[in-house]
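Take a first look at the chain below. We will go from the overall pattern to the sheet, and then to two residues beside it.

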Amino acid sequence: MSNIKPLYDRVVIKRMEEEKLSAGGIVIPDSATEKPIKGEVVAVGTGKVFDNGQLRPTQVKVGDKVLFGKYSGTEVKLDGVEYLVVKEDDLFAVLG
């Protein structure tokens with residue numbers, strides 16, 4: 001991965017590939033699939049700074065598998081790989 005260090009409460013995610021087969025075994029073409037809403041955290045910022053100057057550290061860590069909103073964040077392409085930069089508040093859950 002490129003050297004990327006998100007600022008504050010931002011998180012960099014690499015999307016996980018979605019299943020290409022339907023439950024009935026039908027192959028789904030790329031043009032018919034939606035972008036995945038699951039991904040792996042590849043970089044995290046230091047945390048959220050509140051108005052009073054206190055820092056709340058980021059709750060996720062590199063390697064966590066997370067769920068995020070379908071329209072969350074900003075897509076960036078670095079060294080030919082697509083990443084998503086989102087605010088930590090846009091993450092819904094950490095997958096176990």
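Read from start to end, the chain follows the pattern β-β-β-β-β-β-β-β. That makes 8 strands and 0 helices. Keep in mind that this is a predicted model.

Begin with the chain as a whole. It has 96 residues, and 27% of them count as buried. Its accessible surface comes to about 6600 Å². Carbon and sulfur atoms account for 54% of that surface. Now consider the contacts between residues at least 6 apart in sequence. Of these, 62% join residues at least 24 apart.

Next, the sheet. How many strands form it, and in what order? There are 6 strands, and they form an open sheet. The order is β6-β7-β1-β2-β5-β8, with antiparallel pairing. The edge strands are β6, residues 74-78, and β8. Each of these two pairs on one side only. From one strand to the next, the twist averages 40°. Strands of a sheet pair through backbone hydrogen bonds, either parallel or antiparallel.

Now follow strand β1, residues 10-15. In the sheet order, β1 sits between β7 and β2. On the β7 side, 4 bridges join the two strands, which run antiparallel. On the β2 side there are 5 bridges. Strand β2 covers residues 38-44 and also runs antiparallel to β1. Val-12 shows both pairings. It stands opposite Val-85 in β7, and it stands opposite Ala-43 in β2. Arg-10 has a bridge partner in β7 too: Lys-87.

Step back to the segment before β1. Asp-9 is found there. Is Asp-9 buried or exposed? Asp-9 is buried, because its relative accessible area is 5%, and buried means under 20%. Leave aside residues up to four places away in sequence, and Asp-9 touches Gly-47, Lys-48, Val-86, Lys-87, Glu-88 and Asp-89. One of these, Lys-87, is the bridge partner of Arg-10. Asp-9 also lets us relate two distant points of the sequence. Asp-9 and Val-49 are 40 residues apart along the chain, yet their C-alpha atoms are separated by 8.1 Å.

Among the residues that Asp-9 touches is Glu-88. Where is Glu-88 found? Glu-88 lies in the loop between β7 (81-87) and β8 (91-95). Why does Glu-88 count as buried? Its relative accessibility is 7%, so it falls under the 20% cut-off. What does the side chain of Glu-88 reach at 3.4 Å? It reaches the backbone nitrogen of Val-60. Val-60 is also among the residues that Glu-88 touches, once those up to four places away in sequence are set aside. The others are Asp-9, Val-11, Arg-56, Thr-58 and Gln-59.

Put the two residues together. Asp-9 comes in the segment before β1, and Glu-88 in the loop that follows β7. The two residues touch, and each counts as buried. Their strands, β1 and β7, are joined by 4 bridges.

Key. Residues are numbered from 1 along each chain as its sequence is written. This is a predicted model: local features need pLDDT of at least 70, side-chain atom pairs count only at pLDDT 80 or more; totals for chains, interfaces and linings use all residues. Side-chain values use heavy atoms; hydrogens and water are left out. Buried means under 20% relative accessible area, exposed over 50%, partly exposed in between (1.4 Å probe, protein chains only). A polar contact is a pair of N or O atoms within 3.5 Å; within protein, one must be able to donate a hydrogen and the other to accept it, and residues adjacent in sequence count only if both atoms are side-chain atoms. Contact means heavy atoms within 4.5 Å. Two strands pair if DSSP finds at least two bridges between them. Axes are lines fitted to C-alpha atoms, for helices over the stretch in contact, and angles run from 0 to 180 degrees between N-to-C directions. Accessible areas come from the Shrake-Rupley method with a 1.4 Å probe; for residues, only the protein chains shown count as cover.
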